[in-house]
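Open your viewer and get ready to click along. This tour goes from one selection to the next and says what you will find at each stop.

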Amino acid sequence: MSSAIRVTVWNEFEHEKSHQAVIDVYPKGIHTVIADGLAKHGFEHVRTATLDQPEHGLTEEVLAQTDVLTWSGHMAHNKVDDKIVERVQARVLEGMGLIVLHSGHHSKIFKKLMGTTCSLRWREAGENERIWVIEPGHPIADNLGPYIDIPAAEMYGEHFDIPAPDTLVFVSWFKGGEVFRSGCCYHRGRGKVFYFRPGHETHPIYYQAEVQQVIANAARWAAPSKGFEFAYSGGRAINMKVPLEKLD
Ligand code: ZN
């Protein structure tokens, strides 16, 4: 099942070339670790794409062949071309899944899909984070226990300026007493969007088994469902109204 899902792992790939503390943790970039985690979970069609590639590696052709896109970015959100953001949005509306990770909360694509600032409180102190599973029957919580402990994390706290999620799967707790909505599901058009909080470039969080499990679960959940075509065609949202026959 997983093997048929085509995943593109996108990463801005900037810290990992410029900050020694990040190079030490992710010498080949965060994207390669996420892609390896998906491969471990049986995904056979995983490719990576980065900011410095032509069209950020997200050409029409690549996106047409992508069922689920994962998004990692932090220091270079503003370098992402608006045309590419619009192209990704169109694919989401058409049915492509999108998994936005950690500091991707401030990416252009996430803010565009949410319609809010997506701002939050934060503190960088390497604290323990406990991520509670609050929807144990949700597919994104498959093969997890009641909670995930991240030994050292950056704190993100409420208020997180997002629309209320369709389903909230995880809530994080931090030592300062803060809580955070750390696993948020949305539908936008025909596409499914999942925001997942853990990450941060100086902590080895994407190597952690439970985190890789969640990303694999989320990729399965976010893969396009079949259904009839309506208002989205060939990567474009069509501005239309459909006249219906009068019923007797
Ligand atoms: Zn961070």
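Here is a walk through a predicted model, stop by stop.

**Stop 1: the metal site**

Start by selecting the zinc ion. Which residues coordinate the zinc ion? They are His102 through NE2, Glu154 through OE and His200 through ND1, at 2.0 to 2.1 Å. Along the sequence, these donor residues follow the spacing H-x51-E-x45-H. Now colour by secondary structure and look at two of them: histidine 102 is in the loop between strand 4 (97–101) and helix 6 (108–114), while glutamate 154 belongs to strand 6 (residues 147–157). The two are 52 residues apart, and the pair links distant parts of the chain. Turn on a surface and ask: are histidine 102 and glutamate 154 buried or exposed? Both are buried.

**Stop 2: valine 9**

Next, select valine 9, in strand 1 (residues 6–11). Its relative accessible area is 0%, so valine 9 counts as buried. Show its surroundings and you will find contacts with His31, Ile34, Ala35 and Leu38, as well as Val46, Arg47, Thr48, Ala49 and Thr70, leaving out residues up to four places away in sequence. If you like distance labels, draw one from the C-alpha atom of valine 9 to that of serine 72: the two are separated by 8.2 Å, although these positions lie 63 residues apart along the chain.

**Stop 3: helix 3 and its partners**

Now select helix 3 (30–40). Its buried residues are Ile30, His31, Val33, Ile34, Ala35, Gly37 and Leu38. What do they pack against? Their partners are strand 1, helix 1 (15–18), strand 2 (45–50), strand 3 (68–72), strand 4 and helix 7.

Add helix 7 (209–222) to the selection. The axes of helix 3 and helix 7 come within 9 Å and cross at roughly 70 degrees, which means that helix 3 is roughly perpendicular to helix 7. Show side chains where they meet: Val33, Ile34, Gly37, Leu38 and Lys40 come from helix 3, and Gln212, Ile215, Ala216 and Ala219 from helix 7. Before leaving, click on glycine 42, which follows helix 3 and has a positive phi, near 95 degrees.

**Stop 4: the aromatic rings**

Select the aromatic side chains. How many aromatic pairs does a search of the whole structure find? It finds twelve. One of them is formed by tyrosine 26 and tyrosine 206, a tilted pair with 6.4 Å centre to centre and 50 degrees between the planes. Tyrosine 26 is in the loop between helix 2 (20–25) and helix 3, and tyrosine 206 is in the loop between strand 9 (191–196) and helix 7, so this pair ties together parts that are 180 residues apart in sequence. Tyrosine 26 is buried at 0% relative accessible area, and tyrosine 206 is buried at 3%.

For a group of rings, select Phe110, Tyr156, Phe160, Phe180 and Tyr195, which ring pairs link into a cluster. Then add arginine 197: its charged end sits over the ring of tyrosine 156, 4.9 Å from the centre. Elsewhere, arginine 130 lies over the face of tyrosine 147, at 4.1 Å from the ring centre.

**Stop 5: glutamine 208**

Finish at glutamine 208, in the loop between strand 9 and helix 7. Why does glutamine 208 count as buried? Its relative accessibility is 16%, and the cut-off for buried is under 20%. Beyond its neighbours within four places in sequence, glutamine 208 is in contact with Ile148, Asp149, Ile150 and Pro151.

Definitions and conventions
Residues are numbered from 1 along each chain as its sequence is written. This is a predicted model: local features need pLDDT of at least 70, side-chain atom pairs count only at pLDDT 80 or more; totals for chains, interfaces and linings use all residues. Side-chain values use heavy atoms; hydrogens and water are left out. Donors are N, O and S atoms within 2.8 Å of the metal (3.2 Å for Na, K and Ca); water is not among the atoms, so sites may look incomplete. Helices (H or I, at least four residues) and strands (E, at least two) are DSSP runs, numbered from the N terminus. Buried means under 20% relative accessible area, exposed over 50%, partly exposed in between (1.4 Å probe, protein chains only). Contact means heavy atoms within 4.5 Å. Rings of Phe, Tyr and Trp (its six-membered ring) pair if their centres lie within 6.5 Å; planes under 30 degrees apart count as stacked, over 60 as edge-to-face and the rest as tilted. A charge sits over a ring if NZ of Lys or CZ of Arg is within 6 Å of the ring centre and within 35 degrees of the ring normal. Axes are lines fitted to C-alpha atoms, for helices over the stretch in contact, and angles run from 0 to 180 degrees between N-to-C directions. Angles under 35 degrees count as roughly parallel, over 145 as roughly antiparallel, 65 to 115 as roughly perpendicular and the rest as oblique.
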